[in-house]
Amino acid sequence: MINLSLIIPQVFLFGWAGLILIIDFFKKGESRKGLGYFALLGLAITAVLTVAADYGNGFFGTYVSDDYGKLFNIIFILSAMLTILASVDFAEIRLKHKGEYYGLLLFAVVGMMFLSGANELITLYVSLELATIPLYVLAAFLKKDLKSTEAGLKYVIIGGASSAILLFGISLLYGLSGTTFLADIQSWNLTAAKLNLGLALSLVLFIAGFGFKLAAAPFHMWAPDVYEGAPTPVTAFLSVASKAAGLVAFVRIFFSPLLIAQTDWVLILEIVAVLAMVIGNFVALLQSNIKRMLAYSSIAQVGYVLVALCAGNGYSIIGMMIFLMAYVFANIGAFMIAIGYSNMTGSDEISDYAGMIRRNPLATVMMTIFMLSLVGIPPTAGFLGKYWLFAAAVKGHLYWLVVVAVLMSVVSLFYYINVVRIMVFQRREDESKLYYGPALGLGVTISGVMVILICVLPATFFEWASRAVKAFFPEL
Amino acid sequence: MESITLNFPVLTYITFFPLIGIIAILLLKKESVGAIRWTAAFFSFVPLVLSIYLVWFYLSSMGTGLLFDINNQTAGFVFDFENPLVWFPQVNIFYHMGADGLSVPMIFLTGLLSFVSIFVSFSIKDRVKEYFAWFLLLEVGMFGVFSALDFFLFYIFWEIMLVPMYFLIGVWGGPRREYAAIKFFLYTLFGSVFMLIGILALYFTTGTLDMLELIRQNAIYSHLFQMWVFAGFFIAFAIKVPVWPFHTWLPDAHVEAPTAVSVILAGILLKMGTYGILRVSFPMFPEATKAYTVPIAILGLIGIIYGALVSMAQKDLKKLVAYSSVSHMGYCMLGMAAITTVGVSGCLFQMFSHGVITGALFILVGVIYERAHTREIAAFGGLGVKLPVFTGIFVLFGMASLGLPGMSGFVSEFMVFVGSYQTVFFGKWIVIIAVLGVVLTAGYILRMIQRMFLGQFNTKWEGLTEINGREIFTVAPLAILTVLIGVYPKVLNVFLKDTVDNLVKLILG
C-alpha cells in the first residue's frame with residue numbers, strides 16, 4: 001500500500017521550499033525579509049497539516065504515521081519557525097543568498113519529518129541524509145568567513161563518517177535478521193535469545209553513529225567548532241532540531257526492535273550518557289563565548305536525555321518528549337538573545353553582556369528564564385523536562401546514574417547563571433539601549449511564555465507526550 | 001475523612017497576593033521610588049492581615065473538636081479546598097494547600113517578617129523597582145513552602161525562592177556579594193536535587209505525591225528504603241537549616257546580604273529546613289527517624305558548641321549574629337531528635353523565637369551599619385551614652401538571644417533541654433554538654449554588648465543619630481512577640497500542642 005495521504009505535510013513543505021527558491025530567483029532588490037515570513041507561513045500550514053494527517057502505515061510498511069512521529073514533526077517545525085524568526089534580521093545583515101538559506105532550512109525539516117516516520121532502515125538512512133545534507137551547506141553559509149567554512153567542512157567530513165558507521169551497523173543488522181523492516185527485525189530478535197557478536201557489534205555501531213548525530217561525548221568533538229563557526233541561527237537549529245532528529249530515529253530503533261536487547265546496550269549507553277554530562281558540563285564551565293558555551297552545554301543536555309533512555313521504559317520517552325519541548329523554546333530562545341546582541345554589536349563574548357539589564361531589561365528577564373530552564377529550576381519548562389527524565393531513570397532503578405545527572409545539573413547552574421550574573425550584576429560604560437526588533441522580539445516572547453506555560457499547565461503537554469509513548473508502550 | 005475547610009482559600013490568597021504586587025510594581029515608573037515602596041508595603045501587608053485571619057480561624061476551629069484525632073493523620077489541618085484541585089491529573093499531582101499547627105505559626109511569622117523587611121528595605125536607594133519585585137517573589141515562595149501539601153508544589157515553591165535570593169544578595173549585597181550569592185545558590189540547589197530524587201522514589205513506590213497520603217502510607221516503605229530516602233531529604237533540609245558541616249554558605253550569605261534579606265534568611269529560610277524535617281522526614285520515615293536520632297542529636301550538639309565558639313571569635317557584628325544562628329539552630333536539631341512532646345515543641349518554639357530575635361538583631365545591625373558604615377565591634381564603645389534607645393532595644397534582643405528568663409529564647413531552650421533529657425534515644429551526656437552552649441552564648445553576647453555599648457565612649461561616633469521612628473516601628477512587633485512568648489508561652493503552645501502530640505505518637509507508633 002502506498003497511501004500517499006500520510007505524507008501530505010512533507011510533500012507540501014517540499015513544494016513550498018521549492019517555491020521559495022523560485023520566488024527568490026524572480027525577486028529584485030536585496031531584501032528578502034518577506035521571503036522569511038513566507039517560509040514561516042509555509043511551516044505554519046505544514047504544522048496544521050501534520051496535526052490533521054492520517055495515521056497508519058504506508059509505502060509498503062516503510063513509513064508510519066503515529067503520534068510519536070507527529071509530535072516530533074511539530075518539534076521540528078517549531079524549531080524551524082523560531083530559527084526563521086531569529087534569522088530574518090541576521091540574514092539581512094550577514095547573508096548573501098537568503099532565498100537559498102530559507103529553502104535549505106525547509107528541506108532539512110522535510111528530511112527530519114520523513115525520519116520521524118521511517119519504519120525501515122534504508123528509509124531511515126535516506127531521510128537522515130536528506131535532513132543533514134542541507135545542514136552541511138547551511139553550516140558553511142558565511143562563505144567569506146573562515147570559521148564558517150571550517151565548520152561546514154568539519155561537519156561534512158564527520159557527518160559522512162558517522163553516516164558510514166551507521167550504515168555499517170544497518171548492514172550488520174540486515175545480515176543477521178535478513179530484513180530491514182523494523183517490525184520484522186523485532187520478530188526475529190525475539191527468537192535470537194542470546195546475544196551474538198554480530199548483534200553486539202551492530203549495537204555499538206548504531207550507538208556510535210547516532211552518538212555523532214547527537215553530539216554526545218565521546219563523539220562530540222565536531223560540535224563546538226561547527227556550532228561556533230556556523231551562522232548563529234543555524235547553530236540554534238543544529239543544537240535543537242538536529243539533536244531531536246537523532247533522537248527520533250534512535251528511539252525508533254532502540255525502543256522497538258532492539259528493546260529486547262536492552263541489557264546489552266544499556267551499559268554502552270550509560271557510559272555515553274555519563275561522559276556527555278561530565279565533559280559537556282565541565283568544558284562549558286570554561287567557555288567565554290556564548291555560542292561555544294551553549295554548544296558544550298547542549299552536549300550535556302543530550303546526556304540527560306540518554307540517562308532516561310537507559311531506563312528503557314515508557315517514562316523515558318515521556319521525559320524525552322517533554323524535555324525536548326522545553327529545550328526547543330529555552331535553547332533557541334537563548335540563542336535568539338545572543339543573535340540579537342551580536343546583530344547589534346557584533347560580539348558573542350559573554351563578558352560583553354555586562355549592563356544588559358539597563359540596555360534591555362526585557363531581554364535580560366527572558367534570558368534569565370531561558371537559563372533557569374536549561375538548569376531545570378522551576379517554574380520553567382526545563383524543570384518539568386528534567387523531572388520526567390530523572391523519573392524515568394528512578395523508575396528503572398538507575399539511582400547512581402540519576403545522582404550523577406543531578407550533580408551535573410548543579411554544575412551547570414554555575415555557567416548558565418554566569419550569563420545572568422554578568423547581565424544583571426555588572427555595569428559598563430556604554431549603557432545605550434538595545435532594540436531587538438519585531439521578529440526577534442516575537443520569537444523571544446513566544447519562547448519565554450512557553451517556557452513558563454509548559455511548567456504551569458503541564459497536563460496538556462504531558463498528554464501529548466503520553467500519546468506519543470503509545471507507539472512503543474501501548475499499555476502505558 | 002473529616003476536615004476543616006477555610007471559608008475562602010486564604011492560603012492561596014496569602015501565597016499569590018504578592019505576585020499581583022510584582023505586576024503592579026513592574027507597571028510603575030522606575031523613578032517613582034516612593035510609590036514602589038508603598039506598593040510593596042501594601043502587597044505584603046494584605047498577606048499579613050490574611051495570615052492573622054488564618055491564625056484566628058485556626059484557633060476558633062480547634063474548639064470544634066474536628067481538628068484533632070490521633071488515628072487520622074490528616075487531622076489538625078485546615079485546607080484551602082475540601083478536595084485538592086486537579087492540576088496534573090495523569091500523574092496524581094494536585095494543587096493542595098493546607099496548614100496545621102506546624103505551619104500556621106510559620107505562615108504568620110513569614111507574613112510579619114516580610115512586612116517588617118519591606119519597611120527595613122526603604123533605605124535601599126539603588127534599583128528600587130527590581131529590588132521590591134524580587135522581594136515579593138521571595139515572599140510567594142516562602143508562603144508556598146509552608147502551605148503546600150503536594151510534593152510537586154512544595155518543590156516548586158522551594159526552588160522558586162532561590163532565584164530572588166540569588167539576585168537580592170548578588171545585586172544589593174556587600175563587597176563579596178557575587179561570591180556569596182552563587183555559593184548560596186549552588187549549595188541549596190545541591191541539596192534540593194537530592195530531595196528531588198527522594199520525591200521521585202516516593203512517587204514510584206506509592207503512586208502519589210500528596211504529602212498527607214504519603215504519611216498515611218508510611219507503613220509500606222521498607223527499612224532500607226526509609227534509610228536512603230531519609231538521607232536524601234536530610235541533605236536538602238540540613239543545608240537549609242544549616243546543620244554543621246553544611247553551614248559554610250550561611251556566614252557568607254548573611255554577611256553580604258542587605259539587612260532585610262538577612263532578616264528573611266535568618267527568620268524564615270533557615271526554618272524551612274527544620275520545617276521540612278518535621279513535615280516530611282519524621283512522619284514519612286518513622287523507622288529511619290528513630291535510627292538516625294543519635295547522629296541528628298550529635299550534629300545539633302556540634303552546631304551549638306561550634307557556632308557559639310566561632311561567634312566568640314568574630315570581630316564583625318553581623319558575622320557574630322550569623323554564627324549565633326548556627327548555634328541556635330543546633331538547639332532545634334537537638335530538640336527534634338529527642339522525639340518527645342516537649343523536645344519537638346521546644347524545637348518549634350526555637351524556630352519561632354529565633355526567627356523573631358535574630359530578625360530583630362539583623363535589623364539593629366543594619367541600623368548601626370547605615371549610620372557608622374562599619375560593623376566592627378572593636379570600633380565602637382560606650383554607645384549607650386549617645387544612643388540610649390538603640391542600646392536599650394539592642395540589649396533587649398541580646399538578652400533574648402542568650403536566653404534570659406522572661407524572653408522567648410529562654411522558653412525554647414529550656415523546653416529543648418527538658419525534652420531531650422527525657423528522651424530514650426540518646427544519652428544524657430549530649431544534653432549536659434549542650435547546656436554549656438548557653439554559657440558560651442552568654443559569653444559572646446555579653447562581651448559584644450560590653451564592648452559596643454558600655455565603657456568609654458568613643459568620641460569618633462559623636463555624629464551618630466538615634467534610631468528613627470521607622471526603625472523602631474520595624475522592631476517593635478518583634479520585641480512584643482519576644483516578651484509575650486517569654487512571659488506567656490501558651491500563646492504559641494496552643495497551636496503546636498496537638499500537632500506535636502500527633503507527630504510524636506506517629507513516630508513512636
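This section describes the architecture of a predicted model, beginning with its two chains and proceeding to their contact, selected helices, a hairpin and local backbone features.

The fold of chain A comprises 19 helices and two strands. The C-alpha trace of this chain spans about 70 × 55 × 40 Å along its principal axes. For 476 residues, a compact globule would be expected to have a radius of gyration near 23 Å, and the value of 21 Å found for chain A agrees with this expectation. Of the 476 residues, 61% count as buried. Contacts in chain A often connect remote parts of the sequence: among those between residues at least 6 apart, 82% join residues at least 24 apart.

Chain B contains 20 helices and five strands. Its C-alpha trace extends over about 70 × 60 × 45 Å along the principal axes. A compact globule of 509 residues would have a radius of gyration near 23 Å, and the 22 Å of chain B agrees with that figure. Buried residues account for 61% of the 509 residues in chain B. Of the contacts in chain B with a separation of 6 or more, 81% involve residues 24 or more positions apart.

The two chains touch one another, with 23 residues of chain A in contact with 24 residues of chain B. On the side of chain A that touches chain B, the elements giving two or more residues are α16 (381-395), α17 (399-425) and α19 (458-469). Helix α17(A) supplies the largest share, 10 residues. By residue type, this side of chain A divides into 18 nonpolar, two polar and three charged residues.

Two helices, one from each chain, were examined for length and burial. Helix α7 of chain B, residues 177-206, has 30 residues and reaches 43 Å from its first C-alpha to its last, close to the 44 Å expected at 1.5 Å a residue. Since 23 of the 30 residues of α7(B) are buried, this helix is largely enclosed by the rest of the structure. Gly207(B) follows α7(B) and has a positive phi, near 80°. Helix α10 of chain A, residues 232-255, has 24 residues and an end-to-end reach of 33 Å between its first and last C-alpha atoms, close to the expected 34 Å. At Leu238(A), α10(A) bends by about 35°. In α10(A), 24 of the 24 residues are buried, so this helix is largely enclosed by the rest of the structure.

A further helix of chain A, α13 (residues 314-345), contains Tyr341(A). A residue counts as buried if 20 or more other C-beta atoms lie within 10 Å of its own; Tyr341(A) has 25 such neighbours and is therefore buried. The C-alpha atom of Tyr341(A) is separated by 35 Å from that of Phe12(A), a residue 329 positions away along the chain.

In chain B, strands β3 (residues 85-88) and β4 (residues 93-95) pair in the antiparallel sense over three bridges. Within this pairing, Phe88(B) stands opposite Ile93(B) of β4(B). The hairpin formed by β3(B) and β4(B) has four residues between the strands, and Asn92(B) takes a positive phi near 60° in it.

Several loops show backbone features that merit separate description. Most residues other than glycine have a negative phi, and most peptide bonds are trans. In chain A, the peptide bond from Pro378(A) to Pro379(A) is cis, with omega near 0°. Pro379(A) is located in the loop between α15 (361-375) and α16 of chain A. In chain B, a cis peptide bond leads from Val241(B) to Pro242(B), with omega near -10°. The loop that holds Pro242(B) lies between α9 (223-240) and α10 (249-256) of chain B.

Positive phi values also occur in chain A at residues other than glycine. For Phe60(A), phi is near 60°, and this residue is found in the loop between β1 (56-58) and β2 (63-65). A residue with 12 or fewer C-beta neighbours inside the 10 Å limit is classed as exposed; Phe60(A), with 11, therefore counts as exposed. Ala215(A), which is not a glycine, has a positive phi of about 55° and lies in the loop between α8 (197-214) and α9 (222-229) of chain A. With 28 other C-beta atoms within 10 Å, Ala215(A) is buried, whereas Phe60(A) is exposed.

Methods: Residues numbered from 1 in each chain as written. Chains lettered and ligands numbered in written order. Predicted model: local features only at pLDDT ≥ 70, side-chain atom pairs only at ≥ 80, totals over all residues. Rg over C-alpha atoms; globule rule 2.2 N^0.38 Å. Contact = placed C-beta atoms within 7 Å. Nonpolar A, V, L, I, M, F, W, Y, C, P; charged D, E, K, R; others polar. Expected span 1.5 Å × (residues − 1). Bend = angle between axes of the 7 residues up to and from the residue. Pairing = 2+ DSSP bridges.
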